[in-house]
Amino acid sequence: MKFRVLTKFRVLTKFRHRRTQAALLAAALCFLPSLTGCSSSGGGSSSNTTAATSNGAVKVTIQNFIYHPSALKVSPGTTITVTNQDSTPHTLTANDKSFDTGNIAPGKSATFTAPSKSGTYAYTCTIHPNMHGVLTVS
Ligand SMILES: [Cu+2]
C-alpha cells in the first residue's frame with residue numbers, strides 16, 4: 001500500500017515535469033511569432049495620395065469605401081469621372097456643395113465639373129460620411 005502510493009506520486013511528479021516542459025516549449029514557440037509579427041502588418045495602400053493631373057481625363061475610383069486617389073489636384077473646370085467599384089451606392093459631394101455626383105450605383109460612373117475658382121475643396125460621400133477626399137483646384 002505504501003509502495004503504491006509512492007509510485008503514484010512519482011508518476012504524478014513525472015507528469016507535472018512533462019507539463020512544465022511543454023509549457024516552456026509553447027512559450028518559446030509563442031515568442032517567435034511576436035518577433036516577426038510586426039513586419040506582416042500595414043495593409044494600407046500608399047497610392048492613395050495626391051495625383052497630379054493634366055487637363056485630360058481625370059478619374060476617381062471608389063473601392064472599399066475609399067476614394068482613389070483621396071487627394072486630387074486639377075485645373076479649374078476639369079471634368080472628373082467617378083467610378084463606383086463597390087456593391088453599394090456612393091456619392092462624391094463637396095462639403096460646400098460646389099460639386100456633387102449624386103448617387104452612383106454599384107459598378108456605374110458619374111462625372112462632375114471641378115469649380116472654376118481655385119481653392120481646396122473637401123468632399124465626402126453623403127451616404128457614408130466617414131468617406132473623405134480633397135480636391136485642389138489651381
Ligand atoms: Cu458612400
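What spacing do the donors of the copper ion follow along the chain? They follow H-x34-C-x2-H, where donors are N, O and S atoms within 2.8 Å of the metal (3.2 Å for Na, K and Ca), and sites may look incomplete, as water is not among the atoms. The structure is a predicted model, in which local features need pLDDT of at least 70 and side-chain atom pairs count only at pLDDT 80 or more, while totals for chains, interfaces and linings use all residues. Residues are numbered from 1 along each chain as its sequence is written, and side-chain values use heavy atoms, with hydrogens and water left out.

The protein comprises one helix and nine strands, these being DSSP runs numbered from the N terminus (helices H or I, at least four residues; strands E, at least two). The order from the N terminus is α-β-β-β-β-β-β-β-β-β. Of the 138 residues, 26% are buried, that is, under 20% relative accessible area, with exposed meaning over 50% and partly exposed in between (1.4 Å probe, protein chains only).

The copper ion is bound by His90 (ND1), Cys125 (SG) and His128 (ND1), at 1.9 to 2.1 Å. His90 lies in the loop between β5 and β6 (93-94) and Cys125 in the loop between β8 (119-124) and β9 (132-137), so the pair ties together parts 35 residues apart in sequence. Both of these residues are buried, and the relative accessibility of His90 is 0%. A polar contact of 3.1 Å joins the side chains of His90 and His128; such a contact is a pair of N or O atoms within 3.5 Å, and within protein one must be able to donate a hydrogen and the other to accept it, with residues adjacent in sequence counted only if both atoms are side-chain atoms. Leaving aside residues up to four places away in sequence, His90 touches Ile62, Phe65, Asn84 and Met131, among others (contact means heavy atoms within 4.5 Å).

The largest nonpolar core has 21 residues, and Tyr67, Val74, Ile80, Val82, Leu92, Phe99 and Leu135 touch the most other members. Such a core is a set of buried Ala, Val, Leu, Ile, Met, Phe, Trp, Tyr and Cys residues joined through side-chain atoms within 4.5 Å. At least two core residues come from each of β2 (58-63), β4, β5, β7 (109-113), β8 and β9, and β2 supplies the largest share, three residues.

Thr78 is placed in the loop between β4 (71-74) and β5 (79-84). Thr78 is buried, at 6% relative accessible area, and its side chain reaches the backbone oxygen of Ser75 at 2.6 Å.
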